[in-house]
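Student: I would like a close look at a single part of this model, with its contacts followed outward to the rest of the chain. Please take the side chains in turn and give the reasoning behind each description.

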Amino acid sequence: MTKVDVRSLIQPVGIVRLIAAILTGMTFILVATAGLSSSPYWAWCMFTWCFCFFFTLLILVLEFTTVSSKLPFPWDDFTTAFAMLACLMCLAASVIYPTFFTCAACYRQIGASVVSWVCFGVYTGEVALTRLRPSGQNSGFLSTLPGIMKMLETFLACLIFTSLETQQYSGHPALQWCVAVYSLCFVFAIVIILLSMGQLTSCLPFSFDKLAIAYNVLSAVMYMTAMVVWPLYGFPATGRPSYCGNLCPWDKLVVVTFMTILNFIIYTLDTAYSIRLVFCVISNE
């Protein structure tokens, strides 16, 4: 029988989540009433606020009804990971939206930008509260350093996909290779996150740790090639066009290049940390 837990709503983390749900919903409404846009950056920002609102509200409902205690995965690990992801997503939306969609007379857009920054601050506070809980450190994969890096890798890949346009790489095999790199690494990172979160790694007929190391090494090498190939073949030889204004395709090429470099660094760090963990375990044994 399902019970209700009122304490989940009045404890500090519950109050912070209530505030986050209200603010993300408010931001979504402000931007929606300000007008639609066909830009993928606008769609990303709207998805961010809608995603954060929905999952924050879902977490509140599941904890209030105590259904969260019956789920087949570590609940504290999931909520901490979501707070970190929401923090990153709100940070990106708070930078992207005012950069491309506000002006001196755009009062609703300015208001939405301000509320989005407050959302980022609220989710940052939730991360601090969940990471510093009295029960100690989180034991789930998503709350560990490798799990955090995996989430960051998928998050940066989403920003790359948001900045990609078909005409940028269609008809260019070298650039299509880069898109394949982004897609394959993203899919396998999601698979690793789901397997680890569902505690299914022990069911595999091979060593999951060694598989993760092989994946990280391969991903780092693939991103290294994309880091060289994308700016080499993607940018026009004439440089930034003089007519390039707001939401210019050239600027999107810069975003993809920058995110590719960041993800290469993160995959390299992830590889080094995974190798260190495995070798330390072997040496201790």
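Tutor: What follows is a walk along helix 3 and the side-chain contacts that involve it, with two further pairs added for reference.

The model is a predicted one, and helix 3 covers residues 40-64. A convenient place to begin is Trp-44, which together with Phe-47 makes a tilted aromatic pair, because the ring centres are 6.2 Å apart and the planes stand at 40°, an angle that falls between the limits of 30 degrees for stacked and 60 for edge-to-face. Both residues belong to helix 3, where a spacing of three residues places Trp-44 and Phe-47 about one helical turn from each other. Their surroundings can be described separately: Trp-44 has a relative accessibility of 8% and therefore counts as buried, while Phe-47, at 44%, counts as partly exposed. Another aromatic pair, made by Phe-100 and Phe-101, is edge-to-face, with 6.4 Å from centre to centre and 65° between the planes; here Phe-100 and Phe-101 are both buried. The structure holds 20 aromatic pairs.

Trp-44 and Phe-47 are also members of one aromatic cluster, which they form with Phe-51, Phe-54, Phe-55, Phe-82, Tyr-123 and Phe-155. Phe-54 appears again in a surface feature, since a nonpolar patch of about 410 Å² is made by Phe-53, Phe-54, Leu-57, Leu-58 and Val-61. Of these patch residues, Leu-58 may serve as the example: Leu-58 is found in helix 3, and its relative accessible area of 33% makes it partly exposed, a value that also satisfies the requirement of over 30% for a residue to be part of a patch.

Further along helix 3 comes a charged residue, Glu-63, whose side chain meets that of Arg-17 in a salt bridge with an N to O distance of 2.9 Å. Because Glu-63 lies in helix 3 and Arg-17 in helix 2 (residues 12-34), this salt bridge ties together parts of the chain that are 46 residues apart in sequence. Glu-63 and Arg-17 are both buried.

Arg-17 has a second partner, for its side chain also meets that of Glu-126 in a salt bridge, again given as 2.9 Å from N to O. That contact links distant parts of the chain, with Arg-17 in helix 2 and Glu-126 in helix 5 (residues 107-131), 109 residues apart. The relative accessibility of Arg-17 is 3%, so Arg-17 counts as buried, and Glu-126, at 1%, counts as buried too. Taken together, Arg-17, Glu-63 and Glu-126 are linked in a network of salt bridges, and in this way the charged end of the story joins helix 3 to helix 2 and helix 5.

The model has five salt bridges in total, and one of them lies between the side chains of Lys-252 and Glu-165, at 2.5 Å from N to O. This pair, too, links distant parts of the chain, since Lys-252 is in helix 10 (residues 249-284) and Glu-165 in the loop between helix 6 (145-163) and helix 7 (166-169), 87 residues apart. Lys-252 has a relative accessible area of 5% and is therefore buried; Glu-165, with 16%, is also buried, because the limit for that description is under 20%.

Notes: Residues are numbered from 1 along each chain as its sequence is written. This is a predicted model: local features need pLDDT of at least 70, side-chain atom pairs count only at pLDDT 80 or more; totals for chains, interfaces and linings use all residues. Side-chain values use heavy atoms; hydrogens and water are left out. Rings of Phe, Tyr and Trp (its six-membered ring) pair if their centres lie within 6.5 Å; planes under 30 degrees apart count as stacked, over 60 as edge-to-face and the rest as tilted. Helices (H or I, at least four residues) and strands (E, at least two) are DSSP runs, numbered from the N terminus. Buried means under 20% relative accessible area, exposed over 50%, partly exposed in between (1.4 Å probe, protein chains only). Patches are made of residues with over 30% relative accessible area and no salt bridge: like charges are joined within 9 Å, nonpolar side chains (Val, Leu, Ile, Met, Phe, Trp, Tyr) within 5 Å. Accessible areas come from the Shrake-Rupley method with a 1.4 Å probe; for residues, only the protein chains shown count as cover. A salt bridge is a side-chain nitrogen of Lys or Arg within 4 Å of a carboxyl oxygen of Asp or Glu.
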